[in-house]
Amino acid sequence: MSDILEQAGRASNIGRQELPRDAMWIRRLDPRVRIAALCAYAITLIQLSNISLLLVALALSFFLMSQARLPVVPTIKRVAMMDSFIIFMLMMLPFTMAGTPLFHVFGFPASYEGVMKGIDILLKANAIVMANLALLSTLEPVTLGHALARLKVPAPLVHLLLFTVRYIEVLHEEYNRLLIAMKCRGFLPTNRWHCYKSFGYLVGMLLIRSFERSERIMQAMKCRGFNGQFHLLDDIAFERQDAVFVGFAGLTMLTLLALEILHVLPA
Amino acid sequence: MHIIDAVLTNDVVIGGAVLTLAGLGLGLRKLDMDLIPAAGILSATFFVASLIHVPIGHSSVHLIMNGLAGLILGWAAFPALFVGLLLQAIFFAFGGITVLGVNAINIAGPAVIVGLLFRPFVIGASSAIKAAILGGVSGALAISLTTLFVGISLALSEESLIPAVKLVFLAHIPVMIIEGLLSAAAVYLIYTVKPELFDVMRQIDDTKDEMEG
């Protein structure tokens, strides 16, 4: 339904050829299992500190990603995309953390501890992002809402999510229409007050139009007997393959934690 | 301004999650079933606004517009922006899953604060220019608070980062100015064309009261 959201989870060769069904096992798992597994995996990973274990986890996430048949290049780009704020912080870490100096840049010592901390953060964050892309971004946004409802997330939040998902695409088209209209009239993004004012008007206009749209939607819903209650219809079910996945995932996470606590692997 | 996984320590992550649950609880209490379509569509609008890139110098920044969200949605801005952040984390891999709570506090928290502080004045403003000035102040203040909150969450986890945090805050001043200018222009337009929009969350309450009364 929502193209912008679904781009991330699209398999690499869907549309060109029919995939064998078993190649996509990850996409047929119970959405609730996928959500729970990702949360558990993310929490497990941030508890680890051993670099060799983190490399194992990164390999595991990469395996999940390959199983979900995500296209390699766009996905890697997505993984690498990070806020400039965070990149700057990570680059500052070796210089701000006290410790044994490893190398010098313009006379400033970079500490071994800082570099290791930076590597540690990058490995964990990337492993979690890759697992997220494999397990959750492959969900349909609407299914995500239904799965959250089945996980006892309060109904108002789920409905808010479903409405948001439904209208992101519509409003993105509206935004593109407004932008084309501006460009037709010779609008060029620059650093001038006029440009900022125009962008501000663009956002304001988007809000006004979406507000008017919401009034029309509400009237249409009332006309069809809306009484403040939505009915969620889904076919989410816990099957044998889900039980197998839960078993394997649980064992993997427990093994990672056990290896971390017992200090078996060299750091 | 989205923090990634593994940067923050466990206690900061848990603190953020608890505060976010409280914010969601309060925000959802104000969000009647009747208001959900309007709130959902406005939440989608702010999601789309976050995809807009605005030029700044030779580079560009993407908008957050949390000040404007607070002015329009009030408390409901919290769940509305939370939903946007959840979708960004899952489908764009933008911001970590475990730090979702902290990110929500950093972005939706200032929206609610600004909304509570300035919304009554924007509604009561006597001219579009005055409303626009208030809008500009709210836009700039919300983004400054967001930068400050992100800085605080990083500094709480890693004390050695404090000098870097200060530097980043200064580097974000142009972004604050731009968000302020854009919010001012947007508020000016809304005030002139559709002032009811600032009252969307209360207006429907009123009609309900009338129906009940």
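**Entry 1: salt bridges**

I began with salt bridges in this predicted model, and my search of the whole structure found eight over all chains. Side chains of opposite charge can pair when their charged atoms come close. I picked out two of these pairs to look at.

In chain A, I found the side chains of A:K124 and A:D120 joined in a salt bridge, 3.2 Å from N to O. Both A:K124 and A:D120 sit in helix 6 of chain A. They are four residues apart, which is about one turn of the helix.

I then asked myself how many salt bridges there are between chain A and chain B. The count is one. The side chains of A:E212 and B:K194 meet in a salt bridge, with 3.3 Å from N to O.

**Entry 2: where the two chains touch**

I stayed with the two chains and looked at their contact. I noted 76 residues of chain A in contact with 76 residues of chain B. The size of an interface is often given as the accessible area lost when the parts come together. For chain A and chain B I wrote down a buried area of about 6,700 Å². Carbon and sulfur atoms give 82% of that area.

**Entry 3: a helix pair across the chains**

Two packed helices are described by the angle between their axes and the distance between the axes. I tried this on helix 9 of chain A (residues 193–223) and helix 2 of chain B (residues 36–49): the angle is about 150° and the axes are 9 Å apart. That angle is over 145°, so helix 9 of chain A is roughly antiparallel to helix 2 of chain B. I also noted that the crossing is right-handed.

Next I looked up who meets whom. From helix 9 of chain A I listed residues including A:L206, A:S210 and A:I217, and from helix 2 of chain B residues including B:P37, B:I41 and B:F46. By class, I have 11 nonpolar, three polar and no charged residues in this contact.

**Entry 4: back to helix 6 of chain A**

Which way does helix 2 of chain A run against helix 6 of chain A, parallel or antiparallel? Helix 2 (residues 31–47) and helix 6 (residues 112–135) cross at roughly 175°, and their axes come within 10 Å. These two helices of chain A are therefore roughly antiparallel to each other. I met A:K124 again here, as one of the helix 6 residues in the contact, while helix 2 brings A:R34 and A:Y41 among others. The contact has nine nonpolar, one polar and two charged residues.

**Entry 5: a pair inside chain B**

Last, I checked helix 1 (residues 10–29) and helix 4 (residues 77–91) of chain B, which pack at about 125° with axes 7 Å apart. The two are therefore oblique to each other. B:T20, B:G23, B:L24, B:G27 and B:L28 of helix 1 meet B:F78, B:P79 and B:F82 of helix 4. I sorted these into five nonpolar, three polar and no charged residues.

Note on methods: Residues numbered from 1 in each chain as written. Chains lettered and ligands numbered in written order. Predicted model: local features only at pLDDT ≥ 70, side-chain atom pairs only at ≥ 80, totals over all residues. Heavy atoms only, no water. Axes fitted to C-alpha atoms, helices over the stretch in contact; angles between N-to-C directions. Parallel < 35°, antiparallel > 145°, perpendicular 65-115°, else oblique. Left-handed = near helix turned anticlockwise from the far one by under 90°. Contact = heavy atoms within 4.5 Å. Nonpolar A, V, L, I, M, F, W, Y, C, P; charged D, E, K, R; others polar. Buried area = accessible area lost by both parts, 1.4 Å probe. Salt bridge = Lys/Arg side-chain N within 4 Å of Asp/Glu carboxyl O.
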